Each structure stands twice: as structure tokens, then as C-alpha cells.
Amino acid sequence: MNQSFSLLSLSSTIVVFLVLNSFDYGVNGDLVSDLCKNASTIDPQLKYDFCVAYLSENPASKNAHDLLELGIISMQICLQNATSVHSYIVQILKDGKEIPASKPCLEDCLDLYSDALDSIPEAIQYFKDKDYSSANIEMSAAMDASVTCEDGFKEVVSQYLTSPLTKQDGDFSQLTAISLAITHMF
Ligand SMILES: *[C@@H]1O[C@H](CO)[C@@H](O)[C@H](O)[C@H]1NC(C)=O
Ligand SMILES: *[C@@H]1O[C@H](CO)[C@@H](O)[C@H](O)[C@H]1NC(C)=O
């Protein structure tokens, strides 16, 4: 009696697990690719493959069931990346191997990414509060960090400076574009 009861509960646990698992998987594969298709239509600069890769790479996406949850996850990905770009710039400045003319640009970029580190959590809070237009303003401000940072290097024309942050700025810009496209859907 006891044994058959535990066998029964074990098998029903397995069934529940399998059902939930396939449900999650099915919903998310579709949700992420659907979202990225729509997002890259809204914003032609946004690359579909990049969107799918970074959203589905994040373990939290597996448990996301709707656009609201994916919106928050995408902003958290932006926050992580801004944090990592920020420390990357700190490291470059600390190493002191940069071309002297690029130092002021790097310092500007550091400030810009610091600001982004303030804007993104505010965007997340607004998004959770369903104030989508304010969330949009904060995420746009964050995205501007990468654009303004990159432009800073282009402005020092006489020095033939190349930005050491092109990849970082480009990635961050794409990541914020995903979040912006999601806030536009609400
Ligand atoms: C994508 O766009 C289609 C067509 O407008 C819409 O029906 C669908 O709900 C959208 N999906 C997502 C995840 O945004
Ligand atoms: C995020 O930030 C780091 C900077 O340290 C960068 O190297 C990385 O490629 C970035 N991009 C993504 C999409 O994670």
C-alpha cells in the first residue's frame, strides 16, 4: 500500500514535470523568436540572430511566459552588460596603455556608462510599474551612452583615433535596442 502510493506519487511527479517542461519549452522557443522577429521589424538596426541568441542564452528566459517578463529580463541583460563595459573601461584606464589622446574619450565613456547604470534600474522600475513611456525614456538614455561614447572617438579626427570600445558599444546598443523594441510593444 505504502509502496504503491509512493510509486504513484513518483510517477505523477514525473508526469507533472514533463508536462510543465514541455509547456515551458514550447512557449519560450516561440515567444523569443516571435518577439525578436517583431522587434527587428520595429527596429531594422536590430539583428534578429543577436536578439534570439542573447535572450535565449539567459537562463531566466526559460521561465518567462510573456512579453512583460522578457522585457524585464532583457533590461537585466543590459544592466549586466553596462556593468561589464564599465569595468572594462576602468581596466583600460588603469592599465594606462591607451593613446594619450584617447584618455579624455575613455573618461567620457566611463561617465556615460555610469549614467546608464543609473538609468537602467529606473527603466526596470518604470516598466514594472507599467509606465512604459518613462521606461522608454530611461532605456533610450542608456542606449545613448554607447552612441555618444563611440562618437567621441570619431570627433578627434586629427588624431586618427580608433575606438577601443567599438565592439562593446555595438553590443550594448543592440541589447538596449531589444529592450526598447519591447517597451514599444506596450
Ligand atoms: C508579433 O507580431 C504579431 C503580428 O502583429 C502578433 O500577433 C504577435 O502577438 C507578436 N508577438 C510578440 C511576441 O510580440
Ligand atoms: C558585454 O560586455 C562586455 C564588456 O566587458 C563585452 O565584451 C561583451 O561582448 C558584451 N556583450 C554582450 C552581448 O554580452
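## A helical chain with one ligand

Buried residues, those under 20% relative accessible area with a 1.4 Å probe and protein chains only, make up 40% of the 186 residues in the chain. This is a predicted model: local features need pLDDT of at least 70, side-chain atom pairs count only at pLDDT 80 or more, and totals for chains, interfaces and linings use all residues. Residues are numbered from 1 along each chain as its sequence is written, chains are lettered from A and ligands numbered from 1 in written order, and side-chain values use heavy atoms, without hydrogens and water.

The chain has six helices and zero strands. Helices are DSSP runs of H or I with at least four residues, and strands are E runs of at least two, numbered from the N terminus.

**Ligand 1.** Leu 31, Asp 34, Leu 35, Asn 38, Leu 67 and Met 185 surround ligand 1, each with a heavy atom within 4 Å of it. Helix α1 (residues 2-42) gives the most to this shell, with four residues. Two side chains place a polar atom by the ligand:

| Residue | Ligand 1 atom | Distance |
|---|---|---|
| Asp 34 | nitrogen | 3.1 Å |
| Asn 38 | oxygen | 2.3 Å |

Taken alone, ligand 1 exposes 360 Å², and the protein buries 43% of that. Such areas come from the Shrake-Rupley method with a 1.4 Å probe.

**Glu 138.** Glu 138 sits in helix α5 (residues 132-155). Glu 138 is buried but has no salt bridge, meaning a Lys or Arg side-chain nitrogen within 4 Å of an Asp or Glu carboxyl oxygen. The nearest side chain of opposite charge, Lys 128, is 15 Å away.

Technical notes: Buried < 20%, exposed > 50% of the residue type's maximum accessible area, 1.4 Å probe, protein only. Lys, Arg positive; Asp, Glu negative; His and termini not counted. Polar contact = N/O pair within 3.5 Å; in protein donor to acceptor, adjacent residues only side chain to side chain.
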